[in-house]
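Trainee: I've got this model open and I'd like to learn how to read it feature by feature. Can you walk me through it?

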Amino acid sequence: FGIMAGKVKWVTDIEKSVLINNFEKRGWIQVAENEDWNFYWMSVQTIRNVFSVETGYRLSDDQIVNHFPNHYELTRKDLMVKNIKRYRKELEKEGSPLAEKDENGKYIYLDFVPVTFMLPADYNLFVEEFRKNPSSTWIMKPCGKAQGKGIFLINKLSQIKKWSRDSKTSSFVSQSSKEAYVISLYINNPLLIGGKKFDLRLYVLVSTYRPLRCYMYKLGFCRFCTVKYTPSTSELDNMFVHLTNVAIQKHGDDYNHIHGGKWTVSNLRLYLESTRGKEVTNKLFDEIHWIIVQSLKAVAPVMNNDKHCFECYGYDIIIDDKLKPWLIEVNASPSLTSSTANDRILKYNLINDTLNIAVPNGEIPDCKWNKSPPKEVLGNYEVLYDEEMAQGDGSERDLRSRPGQSAAAKGSRGRDLGKPVLTTWK
């Protein structure tokens with residue numbers, strides 16, 4: 001997604017044919033060595049080099065890149081949780097109704113990430129929490145890895161101690177170890193379809209953080225496990241039961257290479273509307289959108305909002321059997337390789353629609369334009385939140401009106417029964 005002068009340099013394994021066809025159609029990009037404009041794909045490592053103090057590289061007005069310099073504030077598992085926790089505390093300090101808690105001290109509106117601790121730093125806090133509910137299951141994830149690498153589940157403290165001895169960290173004393181982990185309470189009551197666990201991969205484009213402007217891609221999908229879910233402790237080591245990552249599931253005996261174990265979001269909507277009803281389905285998707293906006297607001301103050309940058313994030317959401325959505329993680333480089341024919345179409349359109357928003361009218365890139373494209377170029381994107389517009393028309397509400405909840409006092413109903421509620425935070 002980076003448009004820079006120079007020779008073509010492919011730095012990811014995305015299918016070149018898709019890009020070449022796509023960009024040559026657009027006219028303003030020709031993938032050839034002797035042209036002024038060529039396409040670069042910026043990896044998260046490349047972006048660090050471009051913006052590092054030592055390099056001293058300055059982007060010109062016609063150079064646009066596809067990551068914010070410190071995108072990891074949202075996309076590293078430990079930093080995402082840290083920023084959301086800080087955001088909650090700040091809202092609490094301000095006396096915001098958003099930070100309201102119930103009688104058990106739980107956030108009513110901001111409880112959308114599972115209880116999480118950083119290891120080794122928060123080991124003692126984790127032990128304290130674990131002992132409150134010793135029958136709970138926890139999931140361990142390395143902070144800086146993707147595609148399900150290094151993930152495992154535990155339900156005994158002895159497993160953590162064994163891990164600390166076996167791992168490169170060697171002990172919990174090493175605070176600066178590269179292999180830092182997060183440990184989160186495992187969502188052991190996921191919503192199942194056909195007895196199988198799944199999660200949602202949703203694409204969110206951020207064109208600017210200050211003011212915050214973000215877009216939701218309508219064509220997300222569900223990723224299913226290949227083996228039926230069981231909370232049985234005997235299956236804790238079976239990643240085909242617990243992890244939805246395609247990188248893991250494609251090695252399963254029951255993996256289907258035609259549909260790739262995927263459903264479109266629109267199919268999920270239809271399924272939920274027919275089994276649970278339209279009202280609760282709308283409420284669920286409203287809550288998912290709410291989570292995404294709040295996570296972006298949590299990192300907006302610390303994000304380096306460089307005018308040359310935009311970013312297409314891959315959000316991973318899990319829905320539990322009470323239809324409560326949970327934010328699991330945010331990916332800086334969601335996979336754009338295609339594992340099925342439908343995948344290829346979806347990702348082709350995703351790239352095209354993203355560039356139509358990031359670059360005005362398919363013209364030569366210009367970082368000075370106001371990044372507010374007309375509706376007709378949004379394609380499959382829809383505006384999720386526009387801070388400037390919300391403040392401009394006086395409709396900024398930080399407390400959305402979920403069905404049955406409102407910004408009013410505790411216990412008041414947000415609507416009359418039978419009447420749909422429009423979200424008020426947009």
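Mentor: Sure. Start with a term we need: domain bounds here come from an automatic or database domain assignment. Keep in mind too that this is a predicted model.

Trainee: Okay, so which domains each give at least three residues to the lining of the second largest pocket?

Mentor: Domain 2 (73–112 + 190–365 + 373–388) and domain 3 (115–156 + 179–186) each do. The pocket itself holds about 940 Å³ of space. Its lining has 30 residues, and the closest to the centre are Lys106, Asp111, Pro114, Val115 and Leu185.

Trainee: Which elements give two or more residues to that lining?

Mentor: Look at α4 (77–93), β3 (116–119) and α5 (123–132). Helix α4 has the largest share, with four residues.

Trainee: And how do the lining residues of the second largest pocket divide by class?

Mentor: You get 11 nonpolar, eight polar and 11 charged residues.

Trainee: Now helix packing. How do I read a crossing angle?

Mentor: Angles from 65 to 115 degrees count as roughly perpendicular, under 35 as roughly parallel, over 145 as roughly antiparallel, and the rest as oblique. Try α4 again, this time with α10: their axes come within 8 Å and cross at roughly 90°. So α4 is roughly perpendicular to α10. On the α4 side, the contact uses Asn83, Ile84, Arg86 and Tyr87, and on the α10 side Gln294, Ser295, Lys297, Ala298 and Val299. By class, that contact has four nonpolar, three polar and two charged residues.

Trainee: What about α9 and α10: what is the angle between them?

Mentor: About 140°, with the axes of α9 (residues 265–275) and α10 (residues 278–299) 8 Å apart. That angle is why α9 counts as oblique to α10. Val265, Leu268, Arg269, Leu272 and Glu273 of α9 meet Lys278, Thr281, Asn282, Leu284 and Phe285 of α10. In this contact of α9 with α10 there are five nonpolar, two polar and three charged residues.

Trainee: Let's go to the backbone. Where should I look for cis peptide bonds?

Mentor: Check omega. The bond joining Leu119 and Pro120 is cis, with omega about 10°, and Pro120 sits in the loop between β3 and α5. You'll remember β3 and α5 from the lining of the second largest pocket. Another cis bond runs from Arg210 to Pro211, with omega near 0°. Pro211 lies in the loop between β8 (196–209) and β9 (212–217).

Trainee: And phi? Which sign does phi have at Leu323?

Mentor: Positive, about 60°, although Leu323 is not a glycine. You'll find Leu323 in the loop between β12 (311–319) and β13 (325–331).

Trainee: Last one: how do I read a single residue's surroundings? Which residues does Val44 contact, leaving aside neighbours within four places in sequence?

Mentor: Set those neighbours aside and see what remains: His67, His71, Ala332 and Ser333 are in contact with Val44. Val44 belongs to helix α2 (residues 44–51). You can also check C-alpha distances: Val44 and Pro69 are 25 residues apart along the chain, and their C-alpha atoms are separated by 8.7 Å.

Methods
Residues numbered from 1 in each chain as written. Predicted model: local features only at pLDDT ≥ 70, side-chain atom pairs only at ≥ 80, totals over all residues. Heavy atoms only, no water. 1 Å grid on protein atoms, 1.4 Å probe; cavity = no way out; pocket = protein on both sides within 12 Å on 5 of 7 lines; lining within 4 Å. Points joined across faces, edges and corners; volume = space filled by probe spheres on them. Nonpolar A, V, L, I, M, F, W, Y, C, P; charged D, E, K, R; others polar. Contact = heavy atoms within 4.5 Å. Axes fitted to C-alpha atoms, helices over the stretch in contact; angles between N-to-C directions.
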